[in-house]
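Grab a pencil and work through these exercises on a protein model. Try each task yourself, then read the solution step by step.

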Amino acid sequence: MTELLRHPRAMEELQNEVRQLAQGKSEITEDDLGNMQYLKAVIKETLRLHPPVPPLLPRESIEDVELLRYHIPAKTQVIVNAWTIGRDPLSWENPEEYRPKRFLNSNIDVKGLNFELIPFGAGRRGCPGIAFANVVNELAIARLVHKFNFALPEGIKGEDLDMTEGTGITIRRKSPLVAVATPCSSAREAYTNITLHNINNQLRVAFQQDPGTSTQPYYP
Ligand code: HEM
């Protein structure tokens, strides 16, 4: 969501795709996700730049191995840096740029077969939750942008957002993302019940991601 707010054209393209393919349905379901190619590209591009488990899980070599002229003895702890791999200029054009389109005509996926993009690891100890995680991510983002238009609070520009990441086994934003969600016209009716946090016709939401501070959503 942070990258989408920093890149309004990507947000617009995503909303167009989701709203068009939802075809007036009141709620998007898993069956609708198959054709949402831009949505999948958005998720891949986000996992490329912000892998939630940047060093994957530590591994240990079981035998001596020669790799790219490096000798790795048996029983060496090996850390694979997925964060750096996702930003490697040898694999990615303008790697620091958030550009979901790069995945539209590409077969590169996150399933562990393309070693330039391994947010879920690879091999027999790769993440078994890939399919579940992808559906949950896709469904959550699709449903949010289907019903709401999102903007940054007045006076805040995308380039002003603090992109510092916190520490921990899984990485999240250090500071919560504050965004203003406005029900889009087709969804307005469905949201007439939301009055408590409806300020000037804008539902103010914060993506509170730091469990250290509060588990409650934050309404600025
Ligand atoms: C975006 C969401 C997720 C990401 C980025 C992620 C990432 C990872 C990574 C990087 C590993 C280590 C793989 C390696 O070292 O090669 C891993 C392992 C694992 N993940 Fe996930 N994961 C996610 C969601 C899930 C979900 C939803 C589940 C369960 C429903 C899950 C269950 C596991 C398990 C059990 C392992 C250990 C596998 C093993 O050691 O054999 N993960 N995950």
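**Exercise 1. Find what share of the chain's residues count as buried.**

Step 1: Start with the cut-offs: a residue is buried under 20% relative accessible area, exposed over 50%, and partly exposed in between (1.4 Å probe, protein chains only).
Step 2: Apply them to the chain, and 35% of its 220 residues count as buried.
Step 3: Now take the surface, using Shrake-Rupley areas with a 1.4 Å probe, where for residues only the protein chains shown count as cover. The accessible surface of the chain is about 13900 Å², and carbon and sulfur atoms own 53% of that.

Before you go on, note that this is a predicted model, in which local features need pLDDT of at least 70 and side-chain atom pairs pLDDT 80 or more, while totals for chains, interfaces and linings use all residues. Residues are numbered from 1 along each chain as its sequence is written, and side-chain values use heavy atoms, leaving out hydrogens and water.

**Exercise 2. List the helices and strands in order.**

Step 1: Helices (H or I, at least four residues) and strands (E, at least two) are DSSP runs, numbered from the N terminus.
Step 2: Count them: six helices and eight strands.
Step 3: Read from the N terminus, and you get α-α-α-β-β-β-β-α-α-β-β-α-β-β.

**Exercise 3. Describe the largest nonpolar core.**

Step 1: A nonpolar core is a set of buried Ala, Val, Leu, Ile, Met, Phe, Trp, Tyr and Cys residues joined through side-chain atoms within 4.5 Å.
Step 2: The largest one has 37 residues, and Leu-4, Leu-14, Ile-28, Leu-39 and Phe-150 have the most contacts inside it.
Step 3: Ask which elements build this core: helix 1 (2-6), helix 2 (8-22), helix 3, helix 5, strand 5 (148-151) and strand 6 (177-183) each supply at least two residues. Helix 3 gives the most, with seven residues.
Step 4: Look closely at Leu-14, with contact meaning heavy atoms within 4.5 Å. Neighbours within four places in sequence aside, the contacts of Leu-14 are Leu-4, Tyr-38, Leu-39, Val-42, Ile-141 and Val-145.

**Exercise 4. Compare the settings of some salt bridges.**

Step 1: Side chains of opposite charge can pair when their charged atoms come close. A salt bridge here is a side-chain nitrogen of Lys or Arg within 4 Å of a carboxyl oxygen of Asp or Glu, and the structure holds eleven.
Step 2: Take Glu-45 and Arg-48, whose closest N and O atoms are 2.7 Å apart. Both lie in helix 3 (residues 37-49), three residues apart, about one turn of the helix, and both are buried.
Step 3: Move to Lys-75 and Glu-60, which meet in a salt bridge at 3.4 Å, N to O. This pair links distant parts of the chain, with Lys-75 in the loop between strand 3 (70-72) and strand 4 (77-78), and Glu-60 in strand 1 (residues 59-60), 15 residues apart.
Step 4: Check their exposure: Lys-75 is exposed at 65% relative accessible area, while Glu-60 is partly exposed at 48%.

**Exercise 5. Which protein residue is a donor of the ligand's iron atom?**

Step 1: Donors are N, O and S atoms within 2.8 Å of the metal (3.2 Å for Na, K and Ca); water is not among the atoms, so sites may look incomplete.
Step 2: The only protein donor of the iron atom is Cys-127, through SG at 2.3 Å.
Step 3: Locate Cys-127 in the loop between helix 4 (82-86) and helix 5 (130-147). Cys-127 is partly exposed, at 33% relative accessibility.
Step 4: Turn to the record: an unreviewed UniProt entry lists Cys-127 under "binding site".

Definitions and conventions:
UniProt positions renumbered as here; feature names shortened; annotations may be inferred.
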